[in-house]
Amino acid sequence: MEFQVIFTASRRCTIELLHEGAYFTDQEYEIWVDGNMVMTSNKVVQTINGLKPDTCYQVEVRMGEKRAVKEVKTCYEYVTLNVKDFGARGDGVHDDTVCIQAAILSCPKNSRVYLPKGVYKVSSLFLKSDMTLDFGDGAVLSAWTEREKFPILPGLVESYDETEEYNLGTWEGNPLEMFGSILTGIHVKNVVITGQGVMDGNAGFDNWWKNDGREKTGGAFRPRMIFLNHCENVTVQGLTIQNSPAWNLHPYFSNNTRWIDMKVFNPKVSPNTDGMDPESVNGLEVVGVEFSLGDDCIAIKSGKYYMGHKYKTASQNIEIRQCYMRHGHGSVTLGSEMAAGVKNMTVRDCIFEDTDRGLRVKTRRGRGNDAVIDNILFENIKMEGVLTPFVVNSYYWCCDPDGHSEYVRTKEALPVDERTPFVKKLTFRNIEAHNCHVAASFIYGLPEAKIEEVIFENVHVDFAKEPVAEYPAMMADIEPCTRKGIYINNVACLTMKNVTVEGADGEAKEILNVDEIR
């Protein structure tokens, strides 16, 4: 047995067991610190709390007869600033925004701002560089829901000489006014947000979600829970994020962010409450996170046409592992706002349960020739109750006025030009999908720009006894179905090794317009 230490702060560390399962271990194990048993767990990724700064510990994992030991040293800490010393009450009544913000702005390098147990009512808090924000056990950041309490981040501010622009706010891939998020980072670096506490957006259908929440109301669009705009080296660990007004976690043009051992919860019926939306990021690690919410669990983006083509910043170098994704529209989605492309992404050792789709690619004509999806790998995935495990939809119609236009929807080959998106290499390896409902896969490329390569290796799909009919993809001219087998259309090169489908109504594999099958 082996484990690695993947996160260390001044008061805690997180370990990841290797080769012991996907999200959950096959059997419970014990964690010992300096010869004392501190906890048992059945999670592959587990955090040890209650440590002291700048101290060496011997951490041992015991699973049956198996043993593994490592020495862990916690981080140095200069001072702790307790928000209650700055006047925060934590009584769930008074507005603690200014008091907590004062503690953040006063925090020196290599130090932490600490929220002890309590309920802290806040609107938007703004992070600074080189600090740790630490949530104690029982600490809750509880957001107000009145729009007038939140600042507005402008979408674009023109430079004095009118040659450049400064982008602050964003909404669904466009630079638009948005309310400041509960935790907002703008051009900050070397930040740790950690602890055992909760961030609660308190959103509901009587406030942020009213009338589906997609319209700009009060001068801006809905806030996120954590918004990182052009940030570097930010780690978020341990928190529970819930009841977000909109997207929960939104790293935006930010590099080298890590999201570790968290829980992200929204009601299944909540609109547009994606778990995480990395947008034009480089270097993203998501490890040991549980998602259960009302839209895509993770949706990788890179802007609509304006941002994608002006800044040409793809989302790339992404690893998602040991995550548990439930109830979302897609477990891991690419697009649809990805005009600058998505490349070099690995998703492994995860569980997808009762989501509408497992992998979900959403693109369409008009996203442009920078909208390239390439080198995407899914491996060692367990799916249960997923409607359609693999969906690649090159005709996604939602969210824009042109979605139902003849240009987007026609299945006839059109000229390849600057509006044409591309899907290159997708690999699915060592995946089991049980009790599916709609289709084993629904992969539909453009006839004028076929998906270059799709690889299925060691993949098994079977169907529920009483399946629920649904559309396999959000595209025009298809009907709801159940127990449809593998459907693949418009692919240049298809590899299928040890692929089985059980319980399909009709053909297990329907392969059309594929140039080469290996």
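**Exercise 1.** Count the helices and strands in the protein chain, then compare its radius of gyration with the globule rule.

*Solution.* Start with the DSSP runs, where a helix is H or I over at least four residues and a strand is E over at least two. The protein chain has 3 helices and 43 strands. Next comes the radius of gyration, taken over C-alpha atoms, while the globule rule is 2.2 Å times the number of residues to the power 0.38. The chain comes out at 23 Å, close to the 24 Å given for 518 residues, so it is as compact as a globular protein of that length.

A quick note on the ground rules: this is a predicted model, with local features needing pLDDT of at least 70 and side-chain atom pairs counting only at pLDDT 80 or more, while totals for chains, interfaces and linings use all residues. Residues are numbered from 1 along each chain as its sequence is written, and side-chain values use heavy atoms, leaving out hydrogens and water.

**Exercise 2.** Classify the ring pair Phe-390 and Phe-428, and place both residues in the chain.

*Solution.* Rings of Phe, Tyr and Trp (its six-membered ring) pair if their centres lie within 6.5 Å; planes under 30 degrees apart are stacked, over 60 edge-to-face, the rest tilted. Here the centres are 4.8 Å apart and the planes at 55°, so the pair is tilted. Phe-390 sits in strand β37 (residues 388–393) and Phe-428 in strand β39 (residues 425–436), 38 residues apart. Both Phe-390 and Phe-428 are buried, meaning under 20% relative accessible area with a 1.4 Å probe, protein chains only. Finally, Phe-390 and Phe-428 share one aromatic cluster with Phe-352, Phe-378 and Phe-456.

Methods:
Buried < 20%, exposed > 50% of the residue type's maximum accessible area, 1.4 Å probe, protein only.
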